Amino acid sequence: MIQRYLGNKNSIIEPILTEVGKICNQGDWICDIFAGTLSVSMALKRSGYRVIANDINKFSYAFGVSYLKNNSIPSFDFNELNIDESKFCIGVDDSLLNLKGKDGFSFLDDKRNYSTYKNLVTILNYLNHITASEIPKQFRHTFFFDTYTPEGKNSHYKSLRGTSGKRRFFTPENGKRIDLIINKLLHWKKEKLLNEVQYLLLVSILAESIEKVSNTQGTFHDFPRDTFDSRALKKLFLRLPPFDDVISTENKHIIGKEQDSLEFIKEIRSHKLIYIDPPYNFRQYTSYYFMLNLICDYCEIESLEDYFNNVEFVRGQNLEKDFKSTFCQSSLFIPSLENLIKDANTEYVMMSYFNGRNHSNNSIPSKDKNGIEKIESLFNSELFVRGSFKTIPIKRLNYQSFNGHKAQELNEYLFIAQKNNK
Ligand SMILES: C[S@@+](CC[C@H](N)C(=O)[O-])C[C@H]1O[C@@H](n2cnc3c(N)ncnc32)[C@H](O)[C@@H]1O
């Protein structure tokens with residue numbers, strides 16, 4: 001999954017699960033309404049809950065279909081895809097041997113799982129070694145190389161401050177590799193050679209893999225203007241996704257497709273608990289992570305020429321699908337939160353609140369207005385059963401300071417209360 005994501009709850013999953021376990025039983029429905037990387041949704045899935053997840057980002061939907069809603073390892077037909085299996089399965093057993101004992105890969109101990117996963121890894125191996133000759137001419141585009149690497153013909157930017165240069169989200173070599181892989185997926189999708197889960201799993205794996213070699217400090221809002229950092233100089237390889245959680249249960253789950261949570265909440269079934277992990281600052285996630293969304297959208301874009309001719313800003317984002325969340329606007333945060341809770345068909349509400357500086361080291365601008373007092377007063381209002389509100393402080397390390405060896409404990413809170421449904 002994506003590790004470098006603002007507000008990602010990976011590091012505090014256990015205390016969240018402990019609190020959830022005090023309210024919910026296995027099989028209960030839980031709604032993860034700002035699902036992001038799905039770190040919480042997947043932990044809930046493996047704990048036996050049924051999950052409803054939604055996020056405004058397309059990549060979150062692609063992950064949701066591939067890892068949350070899907071409970072099996074997809075199997076691909078080499079003949080149909082015209083792949084010489086004997087050539088591309090070479091070395092796969094060694095790669096799988098390396099995964100044994102690693103987190104998320106205990107499913108490989110089962111023979112049937114092993115052989116289905118080997119089929120998936122053979123496809124990834126094929127995509128890792130693909131050359132232009134295997135892509136029909138009409139699909140041989142070079143948009144990522146052209147738009148997001150310093151050698152590209154469409155990567156020139158001029159900033160609002162007047163500085164100019166060429167975009168360097170990827171090295172030219174990785175830009176070419178992204179083009180080859182994504183255009184092969186485009187070919188397969190247009191020829192209807194993949195079902196929905198196969199297709200979304202492959203784009204999800206590509207999105208997760210490019211995140212590991214992007215020349216960014218975590219978000220795609222910008223890139224170092226004159227250099228490539230050491231991560232970005234690594235060659236792009238499709239990562240092998242862990243599947244323990246994916247196949248952990250047979251439960252059904254529900255995933256929203258890029259919906260505004262304020263709308264999505266009105267449509268969904270009753271649930272025991274809603275987990276709310278909103279953004280706490282002005283950063284609009286669809287801008288900050290547009291590249292991941294673009295990877296997941298690419299094969300569905302009607303005119304790729306028009307799309308890439310109309311990218312804007314230093315970062316080169318096409319604003320067609322940009323979304324301004326009311327949760328990122330100080331004055332609208334509390335009213336939006338109130339509406340979300342009012343419309344939720346839930347018994348309990350659990351909300352994450354981070355009382356510190358965020359990963360990019362800027363203080364939270366909305367903290368005064370939407371700080372702990374305002375939220376506490378909402379949780380003490382008539383929206384909730386009187387006396388049911390409790391605050392659970394959680395300690396976690398500020399991972400931004402790891403590099404500077406200044407790891408520091410910060411408080412993250414869970415606000416929990418029973419909704420007043422009378
Ligand atoms: C703090 S992050 C959630 C992180 C997530 N719990 C995780 O562990 O990855 C907030 C999320 O809210 C999403 N978001 C913000 N406003 C939204 C809205 N109005 N509707 C749906 N999603 C929204 C963002 O895209 C972002 O993924």
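This passage describes the ligand site and the main empty spaces of the structure.

The model is predicted; local features need pLDDT of at least 70, side-chain atom pairs count only at pLDDT 80 or more, and totals for chains, interfaces and linings use all residues. Residues are numbered from 1 along each chain as its sequence is written, and side-chain values use heavy atoms, with hydrogens and water left out.

The ligand is surrounded by 23 residues. A residue counts as near if one of its heavy atoms lies within 4 Å of the molecule. Y5, T37, S39, D277 and S325 come nearest. By class, this shell has 10 nonpolar, nine polar and four charged residues. Here Ala, Val, Leu, Ile, Met, Phe, Trp, Tyr, Cys and Pro count as nonpolar, Asp, Glu, Lys and Arg as charged, and the others, Gly among them, as polar.

Polar contacts are pairs of N or O atoms within 3.5 Å; within protein, one must be able to donate a hydrogen and the other to accept it, and residues adjacent in sequence count only if both atoms are side-chain atoms. A polar side-chain atom of S325 lies 2.6 Å from a ligand nitrogen. For D55, a polar side-chain atom is 2.7 Å from a ligand oxygen. K9 takes part through its backbone, with a polar atom 2.9 Å from an oxygen of the ligand. On its own, the ligand has 600 Å² of accessible area, and the protein covers 99% of it. Such areas come from the Shrake-Rupley method with a 1.4 Å probe; for residues, only the protein chains shown count as cover.

Cavities and pockets were sought on a 1 Å grid over the protein atoms alone: in a cavity a 1.4 Å probe fits but cannot get out, whereas a pocket is an open set with protein on both sides within 12 Å along at least five of seven lines; lining residues have an atom within 4 Å of a point. The ligand takes up the space of the largest cavity; a molecule sits in a cavity if more than half of its atoms lie within 2 Å of its grid points. This cavity has a volume of about 520 Å³, the space filled by probe spheres set on grid points joined across faces, edges and corners. Its lining has 38 residues, with L6, D277, P278, P279 and Y285 nearest the centre.

The second largest pocket holds about 550 Å³ of space. It is lined by 21 residues, and M1, N10, R46, P242 and D245 lie nearest its centre.
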